[in-house]
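Trainee: I have a model open and some questions about it. Can we go through them one by one?

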Amino acid sequence: MKFDVVITGGGLSGLVAGTALAKARRKVAIISSGQSALHFCSGSFGLLGKAGGKTLESPLAGIELLPPTHPYRKMGAEATGAYADAAPLLFAEAGITLKGTSRANHRHLSPLGKLRSSWLTMGDFMTFSGERPPMKDCVIVNFEGFLDFYPSYLADGLGALGVRCRTASVKIEAVERLRRSSGEMRAASVARLLRGEALEELAIEINKVCGDADTVFIPAVIGFDSEEHLQRLRRMVGVPLYCVPVTPMSVTGHRAQQLLRHRFGQLGGTYLLGDSAVAAHMNADGSVRAIETASLCDDYLEADRFILAGGGIFSRGIVAAPHKIYEPLFGLDVQATDDRDRWFDADFFARQPYMSFGVATDAAFHPLRGGSAVENLYAAGAVLGGADPLTEESGAGIAITTALHVADLIINS
Amino acid sequence: MEYQVQNISRDNFEQCIKCTVCTVYCPLLSVNPDYPGPKQAGPDGERYRLKNPAFYDSALKYCLNCKRCEVACPSGVRIGDIIQRARIRYDRSPVKLRDRMLANTDFMGTVAGALAPVTNFMLRRRIVKQGLQAVLGIDSHRTFPAYSATTFAQQFKSLADAQKGYPRQAVYFHGCYVNYNYPALGLDLVRVLNAAGIGVRLIKGERCCGVAKIANRLTDSARADARHNIKAMQAALGADADAPVLFTGSSCAFTMRDEYPHLLEVDNSAVRSNMMLASAWLAREVERGAVKLVFKPEYTRRVTYHTSCHIQKLGWAIYSIRLLKLIPGITFVPVESQCCGIAGTYGFKKENYATSQAIGAELFDKLRRIAPDVVACDCETCKWQIEMSTGIKVENPISILAEALDFEATAAANR
Ligand SMILES: Cc1cc2nc3c(=O)[nH]c(=O)nc-3n(C[C@H](O)[C@H](O)[C@H](O)COP(=O)(O)OP(=O)(O)OC[C@H]3O[C@@H](n4cnc5c(N)ncnc54)[C@H](O)[C@@H]3O)c2cc1C
Ligand code: SF4
Ligand code: SF4
């Protein structure tokens with residue numbers, strides 16, 4: 001099968017690149033061997049929260065403090081900002097509301113009621129600037145028996161920020177059934193049931209316990225497949241209502257993944273879910289000819305250009321063997337050390353070196369293979385080396401901006 | 001420091017990173033709270049079962065074996081296989097008569113088909129259905145697919161001689177459904193392939209692929225059938241070692257290609273790469289220019305494609321959709337891939353009926369809203385379920401193709 005572009009990896013960066021390319025009328029296929037890291041996303045995307053040991057108010061201002069091989073440094077602060085600012089529209093077209101800008105990080109609440117900083121946050125959650133959330137008196141509502149949400153910790157956290165809090169629990173008929181199997185009263189299962197009439201029942205129960213609170217918080221379990229459910233609930237509840245992240249699986253992350261995929265399909269893209277790229281077939285000149293997948297067997301996916309967006313160690317875009325870190329599909333050069341004892345710091349909370357392991361690329365995001373750039377291949381997202389997403393709070397930012405950047409490079413080439 | 005270099009476990013069991021992604025995609029989980037879910041029933045439970053088989057949880061019988069958990073798992077854990085293997089290994093409860101009957105599709109088909117008019121009449125009577133529910137636990141809402149008076153294999157006999165005259169050859173595994181219930185689909189395939197210049201060969205002594213026996217724990221019998229089928233397939237291929245072995249049922253294809261080696265431990269490597277769904281194979285042949293199709297100009301239909309669980313797992317829905325899109329008169333409307341709830345013989349059991357319908361409810365809603373002229377689908381049990389639940393007609397892509405094809409022009413183009 002022949003495409004203009006074949007992308008390996010269908011997480012945040014593969015989908016963003018695929019969507020941008022499909023919008024530019026390229027014929028694109030995405031291969032994704034399973035679901036992605038987006039399912040663990042709390043609902044907020046980081047662009048750059050920390051750099052050079054400093055906490056940043058303006059993410060773009062921190063880019064020059066990053067090491068020279070960092071993906072943002074390769075793009076430059078200006079281009080990174082432009083891609084970052086293009087992102088919300090692309091998500092809005094898929095039905096995903098994101099609040100925030102690249103000029104300044106905003107605040108949002110952690111599950112424990114602590115202040116966090118991010119670049120973009122989904123419309124389900126409360127965002128604000130400054131050190132105090134915009135409310136005086138809130139009620140935190142949980143479902144009876146739902147254990148992945150901690151109302152009393154949240155109340156303590158908010159209390160410390162000067163907010164008066166009450167907690168309440170509600171019983172919803174549809175959700176009650178799940179309690180028979182205690183292990184599986186998880187966010188995703190609850191979210192599947194909270195639609196239609198169950199949502200009306202929930203609104204009634206919330207209004208009952210609301211009192212004179214100015215804000216309602218509930219666990220983020222509304223809207224398995226679209227934002228419409230939360231919008232409906234908000235219309236039925238008298239006061240402003242926000243979600244608070246719960247223990248993953250994240251319903252908002254799952255929803256974003258599905259909506260992005262749907263959008264990609266609408267634009268004519270081909271998404272091969274559950275299939276794996278198992279081998280890369282190369283031309284004599286060192287460029288990529290085709291990708292072989294597990295399901296399509298000898299029907300190789302041919303293309304003019306290829307993108308590797310297979311994610312990091314978590315998603316197996318990069319693999320750790322006992323004494324080797326490698327990129328399994330193309331055998332690309334990795335930025336990593338083979339000395340296993342230097343992969344990690346025994347202090348769990350210290351910066352972990354393995355977090356920045358990943359594919360080495362030239363300035364135009366062509367990965368290196370045996371020291372030379374593969375000209376028709378690009379790498380984007382968590383598979384890239386040189387960044388430490390966890391410490392920098394830059395995971396989604398890197399995934400999105402590098403994806404848009406390589407899509408641009410392909411469109412303009 | 002000393003490191004253990006490699007740890008290889010069956011079904012990638014040790015690769016599970018406990019991420020819970022699989023639980024989000026299990027269609028059963030939110031509708032049946034008695035089911036522990038893929039993570040707990042699969043890799044988590046297996047750790048206990050390896051220590052002590054007494055930890056086996058009989059609720060594993062609810063698993064649909066749809067493999068949607070495997071498709072979602074980012075770590076390649078064969079969750080569905082772990083669960084089915086646990087059922088095979090640890091479930092010592094006797095197999096019910098009803099389950100034996102539902103599983104023995106060959107035997108049931110032969111008897112029922114021989115008495116087709118009587119059987120069909122009987123199976124549609126309310127009183128008979130109520131009797132089946134009371135005595136055997138087969139849900140009375142179900143309409144049994146009609147049995148054909150003459151099997152596909154019998155009907156094919158009159159066509160067999162002409163097949164040798166075609167320059168290319170394909171082997172066809174028709175399966176029980178085409179043979180006993182719906183020979184028309186098999187005949188459609190023969191007509192389409194013949195028009196494309198391809199002769200069809202059946203597999204002598206073909207037995208059921210085993211999907212129903214596996215689901216109902218008749219493993220030894222399934223294994224014996226599997227060994228027989230692989231040998232018979234090799235014999236049917238004969239000197240044409242590269243000819244395709246085609247299927248019109250996605251579950252037959254999936255079972256013989258992947259469940260044989262994974263679950264039944266039957267080596268199919270000699271023929272595995274030959275096995276292909278007919279619609280997928282045709283799409284590929286058209287794409288590489290080896291087959292030309294010419295369509296009737298007046299044919300127009302609004303069509304959607306339902307991705308059965310097993311074609312989702314095979315990763316071949318893309319081909320069926322491409323095949324449908326080749327037909328100029330088709331307006332194609334996509335629908336999200338999700339389980340219809342029938343899972344083969346599962347939905348026929350009284351105790352599963354409500355669950356089965358609850359799983360499918362969302363899909364049925366979507367299909368009703370799309371309101372296509374026909375739903376294309378590569379699985380026969382999905383066909384029963386969707387037709388029963390929505391009243392919308394469901395056809396295999398091959399039958400849709402046969403309806404749209406200008407046979408004479410196609411035959412001429414391929415000469
Ligand atoms: C647990 C966790 C939580 C996180 N939470 C946040 C958060 O809250 N906010 C934030 O900003 N960032 C977060 N991150 C950072 C995260 O890495 C990025 O946000 C982003 O999701 C990475 O996207 P990606 O597309 O590059 O990779 P991934 O999302 O990892 O996607 C890669 C995909 O490629 C597939 N794949 C790999 N190899 C192959 C192959 N050979 N063939 C086919 N498919 C293949 C994988 O199965 C996977 O689906 C989190 C990361 C993790 C691991
Ligand atoms: S999705 Fe795979 S890795 Fe994750 S919990 Fe399920 S089996 Fe384990
Ligand atoms: S095979 Fe299907 S029903 Fe069974 S655990 Fe996996 S997803 Fe659930």
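**Helix H19 and other local details**

Mentor: Helix H19 (residues 380–390) of chain B is mostly covered, with eight of its 11 residues buried. Keep in mind that this is a predicted model.

Trainee: Which residues of H19(B) are buried?

Mentor: Buried means under 20% relative accessible area. In H19(B), the residues that meet this are B:Glu380, B:Thr381, B:Cys382, B:Lys383, B:Gln385, B:Ile386, B:Ser389 and B:Thr390.

Trainee: What covers the buried residues of H19(B)?

Mentor: The cover includes both helices and strands of chain B. The strands include S5 (301–306), S7 (374–377) and S8 (394–395). The helices include H10 (175–181), H14 (250–264) and H18 (353–370).

Trainee: What phi does B:Gly391 take?

Mentor: B:Gly391 comes just after H19(B). Its phi is positive, at about 75 degrees.

Trainee: Where is B:Thr20, and is this residue buried or exposed?

Mentor: B:Thr20 sits in the segment before helix H1 (21–25) of chain B. Its phi is positive, near 70 degrees, and it is not a glycine. The cut-off for buried is under 20%. B:Thr20 has a relative accessible area of 9%, so it is buried.

Trainee: Why does B:Arg217 count as buried?

Mentor: B:Arg217 lies in the loop between helix H12 (211–215) and helix H13 (219–237) of chain B. It too is a non-glycine residue with a positive phi, about 65 degrees. B:Arg217 counts as buried because its relative accessibility is 17%.

Trainee: Turn to chain A. Which backbone oxygen lies 2.9 Å from a polar side-chain atom of A:Lys27?

Mentor: A:Lys27 is in the loop between helix H1 (12–23) and strand S2 (28–32) of chain A. Beyond its neighbours within four places in sequence, A:Lys27 contacts A:Lys2, A:Phe3, A:Asp4, A:Val5 and B:Arg322. The backbone oxygen at 2.9 Å belongs to A:Lys2.

Trainee: How is A:Lys27 classed by accessibility?

Mentor: Partly exposed lies between the 20% and 50% cut-offs. A:Lys27 has a relative accessible area of 41%, so it is partly exposed.

Trainee: Which peptide bond is cis, with omega near 0 degrees?

Mentor: Look at the loop between strand S13 (241–244) and helix H9 (251–266) of chain A, where A:Met249 lies. The cis bond runs from A:Pro248 to A:Met249.

Trainee: Last one. How many nonpolar residues does the shell around ligand 3 have?

Mentor: The surrounding residues include B:Cys26, B:Cys63, B:Cys66 and B:Cys69. B:Asn65 and B:Lys67 are also among them. By class, the shell has one charged, one polar and nine nonpolar residues.

Definitions and conventions
Residues are numbered from 1 along each chain as its sequence is written. Chains are lettered from A and ligands numbered from 1 in the order in which they are written. This is a predicted model: local features need pLDDT of at least 70, side-chain atom pairs count only at pLDDT 80 or more; totals for chains, interfaces and linings use all residues. Side-chain values use heavy atoms; hydrogens and water are left out. A residue is near a molecule or strand if one of its heavy atoms lies within 4 Å of it. Ala, Val, Leu, Ile, Met, Phe, Trp, Tyr, Cys and Pro count as nonpolar, Asp, Glu, Lys and Arg as charged, and the others, Gly among them, as polar. Helices (H or I, at least four residues) and strands (E, at least two) are DSSP runs, numbered from the N terminus. Buried means under 20% relative accessible area, exposed over 50%, partly exposed in between (1.4 Å probe, protein chains only). Contact means heavy atoms within 4.5 Å. A polar contact is a pair of N or O atoms within 3.5 Å; within protein, one must be able to donate a hydrogen and the other to accept it, and residues adjacent in sequence count only if both atoms are side-chain atoms.
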